[in-house]
Structure formats: C-alpha cells, structure tokens
Amino acid sequence: MLWVKAFHLIFIVTWFSAMFYLPRLFVYHAMCEDEAGNARFKVMERKLYRGIMTPSAILTLIFGGWLLSFYSLEQIATMHWLHAKLTLVILLFAYHGVCGRILKQFAADSNQRSHTFYRWFNELPVLVLIAVIILVVVKPF
C-alpha cells in the first residue's frame with residue numbers, strides 16, 4: 001500500500017506542476033505579439049498538456065483508485081473527508097478539461113481573453129490543493 005501511495009503522490013505532484021505552469025504559459029501567450037513567440041508557445045503548451053499533464057492526471061487517477069481498493073465500502077462510506085476530497089478531484093479534472101479547451105483556442109489563434117484573466121485562472125488549482133491537503137492530513141470530518 002505504501003508503494004501505491006508513493007506513486008499516487010508522485011503523479012499528483014507532476015499533475016499539479018503542469019496545472020500551475022500551463023496557465024502561466026497562457027498568461028505569456030496572451031501577451032505575445034510576434035509570430036515566432038506565438039508558435040513557440042503553441043508547441044510548449046501542447047507538449048506540456050499532452051506529454052505531462054494528461055498522463056499525470058491519468059496515473060493519479062489510477063493510483064488513487066488503487067488506494068481506494070484497499071478499503072471496504074463500509075469504511076469509505078464513513079470517510080466524509082474523502083467524499084469532499086473526491087469532489088475537489090472532480091473539479092480538478094474539469095479544470096484540466098478547460099485547460100485543454102483553452103489550449104485549442106490558442107492553437108487556432110482564437111483566444112479572446114487577456115493575460116489578466118489567465119493570471120486569475122492560474123490561482124484556482126492552488127486553492128484546491130490547499131483544501132485537498134487539509135482534508136487528507138487533518139481529516140476534519
């Protein structure tokens with residue numbers, strides 16, 4: 001079980017790293033005014049999303065599901081902190097999907113949002129990360 005937990009944590013860290021960095025690239029991409037920079041950001045964003053962010057999300061899900069398999073349904077039913085955490089994980093996957101949609105907009109040169117929007121958008125996973133860590137460590141309910 002400890003090996004499964006270790007790999008779950010490793011892939012959480014890589015997933016969050018990508019979720020922090022991709023929107024930061026969107027900030028810079030939204031500010032970019034030259035064609036060479038625009039092309040460079042498209043490549044960086046695509047490689048980050050497809051090569052790191054999505055595989056990390058999938059592996060986080062696989063190892064998280066594997067961790068859940070060590071508990072009975074009766075145990076899981078009483079772990080209310082876990083229910084809250086899983087709700088936040090669903091929100092993270094929605095955020096991941098939104099990042100993918102934004103990536104496609106930039107790839108098609110159809111972004112309509114400013115760098116300021118992406119600066120705020122970049123903060124959302126930070127809030128979720130704080131909440132998830134508190135739920136997992138403190139188990140407040």
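This is a short tour of the structure, stop by stop, with something to select at each one.

**Before you click**

What you have open is a predicted model: local features need pLDDT of at least 70, side-chain atom pairs count only at pLDDT 80 or more, and totals for chains, interfaces and linings use all residues. Residues are numbered from 1 along each chain as its sequence is written, and side-chain values use heavy atoms, with hydrogens and water left out.

**Stop 1: the whole chain**

Select the protein chain and show it as a cartoon. You get six helices and zero strands, in the order α-α-α-α-α-α along the sequence. Helices here are DSSP runs of H or I with at least four residues, strands are runs of E with at least two, and both are numbered from the N terminus. The C-alpha trace spans about 55 × 25 × 20 Å along its principal axes.

Now switch on a surface. About 8500 Å² of the protein chain is exposed, with carbon and sulfur atoms supplying 71% of it; the areas come from the Shrake-Rupley method with a 1.4 Å probe, and for residues only the protein chains shown count as cover. Of the 141 residues, 36% count as buried. Buried means under 20% relative accessible area, exposed means over 50%, and partly exposed is in between (1.4 Å probe, protein chains only).

**Stop 2: the core**

Select M19, L22, F26, M53, C99 and Y118: in the largest nonpolar core, which has 30 residues, these touch the most other members. The elements giving two or more residues to this core are α1 (2–31), α2 (35–68), α4 (80–107), α5 (115–121) and α6 (124–138). A nonpolar core is a set of buried Ala, Val, Leu, Ile, Met, Phe, Trp, Tyr and Cys residues joined through side-chain atoms within 4.5 Å.

Zoom in on F26. What does F26 touch, leaving aside its neighbours within four places in sequence? The list is E45, C99, I102, L103, F106 and Y118, where contact means heavy atoms within 4.5 Å. Over the protein chain, 77% of contacts between residues at least 6 apart in sequence join residues at least 24 apart.

**Stop 3: along α4 and off its end**

Select α4 next. It has 28 residues and reaches 41 Å from its first C-alpha to its last, close to the 40 Å expected at 1.5 Å a residue; the expected span is 1.5 Å times one less than the number of residues.

Just after α4, pick D109, which takes a positive phi of about 55 degrees. Most residues other than glycine have a negative phi. D109 sits in the loop between α4 and α5 and is exposed, at 51% relative accessible area.

From D109, hop across to N38 in helix α2. Is N38 buried or exposed? N38 is buried, with a relative accessible area of 13%. Beyond its neighbours within four places in sequence, N38 is in contact with H29, C32 and D109.

**Stop 4: the C-terminal stretch**

Select V138, found in helix α6 and exposed at 54% relative accessibility. Add Y28 and draw a distance: the two C-alpha atoms are separated by 37 Å, with these positions 110 residues apart along the chain.

Finish on K139, in the segment after α6. K139 has a positive phi of about 50 degrees although it is not a glycine, and it counts as partly exposed at 42% relative accessibility.
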